[in-house]
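This tour proceeds by selection: each stop names a part to pick in the viewer and then describes what is found there. Please open the structure and follow the stops in order.

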Amino acid sequence: MALTTLILGLVLGGTYALLALGLTLQYGIARIMNLAYGEFTLVAAFCLVALFQGAGIPPLWAMIAVAPAGYAVGWALYAVMMRPLVTRAGNSGRLEVDSILATFGLLFLIQGVLLVVFGANFTSISYLDQGVRVLGVSVAANKLIAFGICAVVGGGLVLALHFTRWGLTLRAVAQTPGSAPLVGIDVNRMARQGFALGTALAAVGGASVAMHQTFSATGGVVFTMKALVIVIMGGVGNIGGALVAGLALGLVETFVATAIDPGLTLAATFAIFLGVLLWRPQGLFGRG
Amino acid sequence: MLKVVPFLALIALIVLAAVPFAVSDYGLGLLIGAVTYVTLASAWALFSGHTRYISLATVAFYGTGAYTVAVLNEVLPYWAVLAVAALIGGAMALVVGLATLRLAGVYFVIFTFGLAELVRQLITWYEVNVTGTLGRYIFLDITARGIYWQMLGLAAVTIALTAYIQRSRLGLALKVIGDDEVVAAHSGIHLARTKLVAFAASAVILTLAGAIASPRWVYVEPAIVFNPTVSFLTVIMALLGGANRLWGPALGAVPLFLIFEFLSAHFPDTYSIFLGLLFIGVVFALPDGVLAGLDKLKAKRTQPKERTA
Amino acid sequence: MINTPRLRALKRAVLGTALALGSASILAAADTVTIGYAVARTGANATGAGITTIPNYELWVKDVNAAGGLTLPDGSQRMIEVVEYDNRSSNEDLVRAIERLASQDKVDLILPPWGTGGNLAVAPLFARFGYPQLAVTAVTDKAPDFAKRWDRSFWMLGGGHDYAAGLVDTLKAAHEAGTINNKVAVVSVADGFGIDLIKGARPAFKEAGFDLVYDESYPLGTSDFAAILSEAQGSGADSFVAFSYPPGSFGMVKTAQSMGYNPPVFYIGVGGAFPIFPKIADGKPTGVMAIGGGDADSPAIQDYFARHTEVIGTPPDSWASAITYASLQMLAQAVERVGLDHEALAQEISTGTFDTVIGTVKLEDNQLRDLWWTGQWQDGAFRAVNPADKAGASVPVIPKPEW
């Protein structure tokens, strides 16, 4: 039973972590607290379903198409909408407030468009949802795929951030946005890249959600919350932290559901989250 | 100038209190909604306006107030229920306030948002497992007018309290904290106590607002009373008007409330698209709130004059 | 249909002129009947309202207007005009919208919102303004009390106890026939609906000799059911029962399929009767039981499904949709018999007998009691299996075929 809990929890955690990767990049590097994050994942999820049902494109291929589209959207959005806010805020703390408000508006906007275009119905596709035996425990193949993508993308990002010059620059912007320009870093460009990359990851996360979960146009905020909890726990902008925090969250939820009471899973999530915030506001793996 | 404003406010209050006799039920409903949001936004700004701590816990208190009424309305007389609600709100605020003293910036924002969710989850779990009744009924003989007058009174108290605090040492201390906490600490301000007092005062009002509004809903369950939209709307309204001004939150709340009402009536399908565009527009066009925008306009036309609060 | 007062006046004028020009004999019909409703277009309730409530309101208005409008006792016909507001899934906004419809727009009739909470929130208002309230999408055990408290309110979907008892009844028959053991694993969503059902189910199961080997609730918003289902699978129960809401109902089915969990009885709550369900179940819905049901062989229902599909684009759900449409047919027939006076209308709805898509309907103590409690997917349709002695009931298939 313990093994079942462990495996189910890890797989669940993988799907959570995948959802959180994009947000941690957006907030960590671009300093944009994107409350419409969940809506971005939903847009990707709906696109995937439309491509699958309308054009018969297999979801895994669609996912590959969705990621660059997400990057482009994120890039444009940053240039048009976020950049003026960043410029206006200067070094004061008001970017946080402004970005929360602006993306909150974006949340409504996207939700409204989704409702008009796709309607209020629950949407779902059946794709690779047969069980796969992992150490004797049956796990849905599409969730395993999400876990795999999470491991590859997350692991790849961790490596890239630590072993490439590009990664070093990004980390510099994330940690000391004030002094990064002093060493010749184009903060604006890096922030735009961070935001765009975050949006691309949101799209990938949404695409994988579409493969293993039922969703509707009004459910985006749930994804945002989950991602936010993980981002804060893992330390803002910390990819590795988000991976670990996502897995931990999956384990905790599964453990609470099996050993204590399924009614307390969400309460446990928030309790741990608030606990981490109080004990280590910089996140479990943040510096400080 | 300083003497005239309270006088005018008093007259406005009397007029507002008499309005229900002249309007339809729907007009009264509109008034209740508008005054409720004036109260929420002003109470929110009481703490957040000067300290710049963006709290998303509004609905945690508002919902707790409503839920208290739902639980106790058949056990205690109405005034006692209100008193209990205020006490619970205050106690919650002290615990939360003490816990969050170390948090600043976006961490505080997220904490307060999580708090609302946690309270909702815990109440749900408690109701399901301990009392076995989720979904409670409020059958109180309180008319819409009664609710309106109570809410109007609470709004008046909130704004008066804000005016008083802004002129007191507490208000000054809050302003300094908002500018720079380190400076505040060095100038001898007791950070923790100052923040706690303001946070608790704000929370008690928010809780009372929920308690007063709840008889209109009849049926209450956690998913209904802990609706996160309330928190967001409150923030937007206060910021639109200008959160650090006495009348700012009220000035933001009334027009926004009316716009929402207009949109949902005339564009039910595309309401949220308009709402989203409006938000974005506000952030870009009126970053410091309407009042500051007006001041800027004035300053452009005339010589800079002394500012009134 | 969106209306501003001015636009409405204009429409009325245009319509009036058109009719007057068309025929002098129907001058009396120059006026229209205004019907208002405030439904959730946005927010958490938008999905539920968008599946069950709004499509049926629109379909009915379209049907009535296509037939020339609502017929009044004197035989004249009046077109229906709709005033619609978005209640944004908030009870505060909902209450205000109803006040607006009643006191500002002064509409002739008001249709109720979607959901138990919403219907309760507006019940005192309907009562105060005197409008009859045909509450369909409200499941509550207190319906008898409410019908007494607000004598113009009508409760048409039964209570949690009814559905729980219906399910236990079905399972008891299967147990007595020796098809399933006496162990039941049950999960319930932690909100008013789930709690009502589980509270009714616990004593009913005990009384029928069942043993609840797994009995837990889970929070609204749970998206992962692997842990819960693996516990249920390990419990040795032949019957898996979930008093669940749509995203959860669907999630459990998908999870059960992927982990190969094949209990002889697989029961889910709301969502099982949705037209989208077979697709969610990857084309293998057969044998799944759920709340609700309909007489899939009745020509009236088949015709209703066809019309709904044609006009709305999707088939209706097989639980509350047909009842929603039936409630509107009752309203139309009552108007035809007694006119638009609210008191007479309420009286007629309460005591009259009506011919609807769900058959002949007569309310008992302002409640619709002649309902289907449990249904099951058989041959591509969601068929009612309980009450087993009601005309049109299908025989339940237990054990359910493997996924």
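**Stop 1: where chain C meets chain A**

Select chains A and C together; the contact between them draws 34 residues from chain C and 30 residues from chain A. The model is a predicted one. On the side of chain C that touches chain A, four elements of chain C each supply at least two residues: α2 (46–66), β9 (211–218), α8 (226–234) and α9 (246–259). Colour α9(C) separately, since this stop returns to it: the largest share of that side, nine residues, comes from α9(C). By class, the side of chain C that touches chain A holds 15 nonpolar, 14 polar and five charged residues.

**Stop 2: where chain B meets chain C**

Next, hide chain A and show chain B with chain C. Here 31 residues of chain B and 32 residues of chain C take part in the contact. Which elements of chain B give two or more residues to the side that touches chain C? They are α2 (25–51), α5 (105–131), α10 (222–225), α12 (248–266) and α13 (271–285) of chain B. Of these, α2(B) gives the most, with five residues. The side of chain B that touches chain C divides into 15 nonpolar, 12 polar and four charged residues.

**Stop 3: the two domains of chain C**

Now display chain C alone and colour it by domain. Domain 1 comprises 5–159 + 298–362, and domain 2 comprises 160–296 + 373–386. A distance drawn between the C-alpha centres of domain 1 of chain C and domain 2 of chain C comes to 32 Å. Between the two, 16 residues of domain 1 of chain C are in contact with 19 residues of domain 2 of chain C. The side of domain 1 of chain C that touches domain 2 of chain C is made up of seven nonpolar, seven polar and two charged residues.

**Stop 4: strands in chain C**

Remain on chain C and select residues 265–268, which form strand β11. Are the faces of this strand covered or open? Both are covered: Val265(C) and Tyr267(C) on one side, and Phe266(C) and Ile268(C) on the other, are all buried. Add residues 239–243, strand β10 of chain C, which pairs with β11(C) in the parallel sense over three bridges. To see one such pairing, select Val241(C), whose bridge partner in β11(C) is Tyr267(C).

Then move to residues 353–356 and 359–362 of chain C, strands β13 and β14, which pair in the antiparallel sense over four bridges. A hairpin of two residues joins β13(C) to β14(C). Thr356(C) can be picked together with Gly359(C) in β14(C), which stands opposite.

**Stop 5: chain A and its helix α5**

Bring back chain A and show it as a cartoon. Chain A has 10 helices and two strands, and along the sequence these follow the pattern α-α-α-α-β-β-α-α-α-α-α-α. The C-alpha atoms of chain A fill a box of roughly 55 × 45 × 35 Å along the principal axes. Its radius of gyration is 19 Å, which agrees with the value near 19 Å that a compact globule of 288 residues would have. Buried residues account for 61% of the 288 residues in chain A. Of the contacts in chain A with a separation of 6 or more, 78% join residues 24 or more positions apart.

Within chain A, select residues 141–163. This is helix α5, with 23 residues, and it reaches 32 Å from its first C-alpha to its last, close to the 33 Å expected at 1.5 Å a residue. Show side chains for its buried residues, among them Ile145(A), Phe147(A), Ile149(A), Val153(A), Leu157(A) and Leu161(A). What do the buried residues of α5(A) pack against? They pack against α1 (2–30), β2 (137–140), α6 (165–175), α7 (187–212) and α9 (239–260) of chain A.

**Stop 6: chain B as a whole**

Finally, show chain B alone. There are 14 helices and two strands in chain B, and its C-alpha trace spans about 65 × 50 × 40 Å along its principal axes. The radius of gyration of chain B is 20 Å, which agrees with the value near 19 Å for a compact globule of 309 residues. Colouring by burial marks 54% of the 309 residues in chain B as buried. Residues 24 or more positions apart provide 78% of the contacts in chain B with a separation of 6 or more.

Technical notes
Residues are numbered from 1 along each chain as its sequence is written. Chains are lettered from A and ligands numbered from 1 in the order in which they are written. This is a predicted model: local features need pLDDT of at least 70, side-chain atom pairs count only at pLDDT 80 or more; totals for chains, interfaces and linings use all residues. Two residues are in contact if their C-beta atoms, placed from the backbone, lie within 7 Å. Ala, Val, Leu, Ile, Met, Phe, Trp, Tyr, Cys and Pro count as nonpolar, Asp, Glu, Lys and Arg as charged, and the others, Gly among them, as polar. Domain bounds come from an automatic or database domain assignment. The expected span of a helix is 1.5 Å times one less than its number of residues. A residue is buried if 20 or more other C-beta atoms lie within 10 Å of its own, exposed if 12 or fewer, and partly exposed in between; C-beta atoms are placed from the backbone. The radius of gyration is taken over C-alpha atoms; the globule rule is 2.2 Å times the number of residues to the power 0.38. Two strands pair if DSSP finds at least two bridges between them.
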